[in-house]
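Colleague: Hey, I've never looked at this one before. Can you walk me through it?

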Amino acid sequence: MSKETIADILRTIPDFPKPGINFIDITPLLQDPKLFAETIDLLSAPYMDSPPDYIAGIESRGFIFGAAMALKLGCGFVPVRKQGKLPAETIQETYDLEYGTATIEIHSDALKSGDKVVLVDDLLATGGTVTATANLIKKLGAEIEAVEFVVELAFLNGREKLPDMKIESLVVIN
């Protein structure tokens with residue numbers, strides 16, 4: 001299996017969720033158990049010899065890839081969710097969207113100083129959500145080893161918001 005195979009199975013949905021947006025749909029990848037497993041293998045490979053303490057996954061599709069990676073690597077999983085979705089005490093970060101703002105949260109006891117974390121999401125677009133998530137992880141004193149994406153929309157320059165981080169994307173769309 002190759003990264004090209006992943007790129008080939010993704011589909012583009014025009015005008016979703018609004019006119020002018022071409023949505024990259026990962027559901028065909030998730031429906032193929034062999035390709036999904038191989039995707040998790042590719043995402044996890046750099047950490048097999050030295051797993052992080054935690055994988056942090058961003059709601060919602062980051063949960064899918066992040067939880068599977070945590071299981072494969074034998075480490076913990078930390079969910080980062082939209083405001084009001086986590087049951088215990090949280091810290092939060094607000095970030096700008098194209099129209100308005102959004103807020104994400106992490107449990108305030110999810111990580112401790114010195115924990116090593118790999119941050120995972122399905123797609124890197126403008127970088128707002130991942131930057132906010134990285135800020136939350138740093139507020140808790142944890143160290144981000146790397147940020148992993150299945151797909152990166154390079155033309156939106158999201159990578160530029162994370163200049164000091166190791167960023168890996170399986171599929172890069174220019």
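Modeller: Sure. One detail to begin with: just after helix 5, Gly 141 takes a positive phi of about 90°. Keep in mind that this is a predicted model.

Colleague: OK, and which residues of helix 5 are buried?

Modeller: In helix 5 the buried ones are Gly 128, Val 130, Thr 131, Ala 132, Thr 133, Ala 134, Leu 136 and Ile 137.

Colleague: What covers the buried residues of helix 5?

Modeller: The cover includes strand 3 (54-58), strand 4, strand 5, strand 6 (100-107), strand 7 (116-124) and strand 8.

Colleague: And how far apart are the end C-alpha atoms of helix 5?

Modeller: They are 17 Å apart. Helix 5 covers residues 128-139, twelve residues, so at 1.5 Å a residue it should span 16 Å, and the two values agree.

Colleague: Let's switch to the sheet. What order do the seven strands have?

Modeller: The order is 5-6-4-3-7-8-9, in an open sheet with mixed pairing. At the edges stand strand 5 (90-97) and strand 9 (167-173), each with a single partner strand, so one side of each is left without a neighbour in the sheet. On average, neighbouring strands of this sheet are turned by 20° against each other, direction ignored.

Colleague: How many bridges join strand 8 to strand 9?

Modeller: Six, and the two strands run parallel. Strand 8 covers residues 143-153. As an example, Glu 148 has Glu 168 in strand 9 as its bridge partner.

Colleague: Which helix lies across strand 8 and strand 9?

Modeller: That's helix 3 (residues 33-44), running at about 140° to strand 8. Its buried residues are Leu 35, Thr 39, Ile 40, Leu 43 and Ser 44.

Colleague: What do the buried residues of helix 3 pack against?

Modeller: They pack against helix 1 (3-9), helix 2 (27-31), helix 4, strand 8 and strand 9. Helix 3 has twelve residues and reaches 16 Å from its first C-alpha to its last, close to the 16 Å expected.

Colleague: Now charges. How many salt bridges does the count come to?

Modeller: The count comes to nine salt bridges. One of them is between Asp 41 and Lys 72, with the closest N and O atoms 2.9 Å apart. Asp 41 lies in helix 3 and Lys 72 in helix 4, so the pair ties together parts that are 31 residues apart in sequence.

Colleague: Is Asp 41 buried or exposed?

Modeller: In between: Asp 41 counts as partly exposed, at 36% relative accessibility. Lys 72 also counts as partly exposed, at 38%.

Colleague: What does Glu 59 form a salt bridge with?

Modeller: With Arg 81, at 3.1 Å, N to O. This pair links distant parts of the chain: Glu 59 is in the loop between strand 3 and helix 4, while Arg 81 is in strand 4, 22 residues apart. Glu 59 counts as buried because its relative accessibility is 18%, whereas Arg 81 counts as partly exposed at 23%.

Colleague: And Lys 116, what is its partner?

Modeller: Lys 116 forms a salt bridge with Glu 143, and the closest N and O atoms are 2.9 Å apart. Lys 116 sits in strand 7 and Glu 143 in strand 8, 27 residues apart.

Colleague: Changing topic: how many aromatic pairs does the count come to?

Modeller: Three. Phe 63 and Phe 77 form an edge-to-face pair, 5.9 Å centre to centre with 85° between the planes. Phe 63 lies in helix 4 (residues 61-73) and Phe 77 in strand 4 (residues 76-82), so the pair ties together parts that are 14 residues apart in sequence. Phe 77 counts as partly exposed, at 28% relative accessibility.

Colleague: What about the backbone? Which peptide bond leading to Pro 17 is cis?

Modeller: The one from Phe 16 to Pro 17, with omega near 5°. Pro 17 is in the loop between strand 1 (11-14) and strand 2 (22-25). The bond from Glu 59 to Ser 60 is cis too, with omega near -5°, and Ser 60 is in the loop between strand 3 and helix 4.

Colleague: Last one: what is the phi of Asp 15?

Modeller: Near 60°, a positive value in a residue other than glycine. Asp 15 lies in the loop between strand 1 and strand 2. Asn 157 has a positive phi of about 60° although it is not a glycine, and Asn 157 lies in the loop between strand 8 and strand 9.

Note on methods: Residues are numbered from 1 along each chain as its sequence is written. This is a predicted model: local features need pLDDT of at least 70, side-chain atom pairs count only at pLDDT 80 or more; totals for chains, interfaces and linings use all residues. Side-chain values use heavy atoms; hydrogens and water are left out. Rings of Phe, Tyr and Trp (its six-membered ring) pair if their centres lie within 6.5 Å; planes under 30 degrees apart count as stacked, over 60 as edge-to-face and the rest as tilted. Helices (H or I, at least four residues) and strands (E, at least two) are DSSP runs, numbered from the N terminus. Buried means under 20% relative accessible area, exposed over 50%, partly exposed in between (1.4 Å probe, protein chains only). Two strands pair if DSSP finds at least two bridges between them. Axes are lines fitted to C-alpha atoms, for helices over the stretch in contact, and angles run from 0 to 180 degrees between N-to-C directions. Contact means heavy atoms within 4.5 Å. The expected span of a helix is 1.5 Å times one less than its number of residues. A salt bridge is a side-chain nitrogen of Lys or Arg within 4 Å of a carboxyl oxygen of Asp or Glu.
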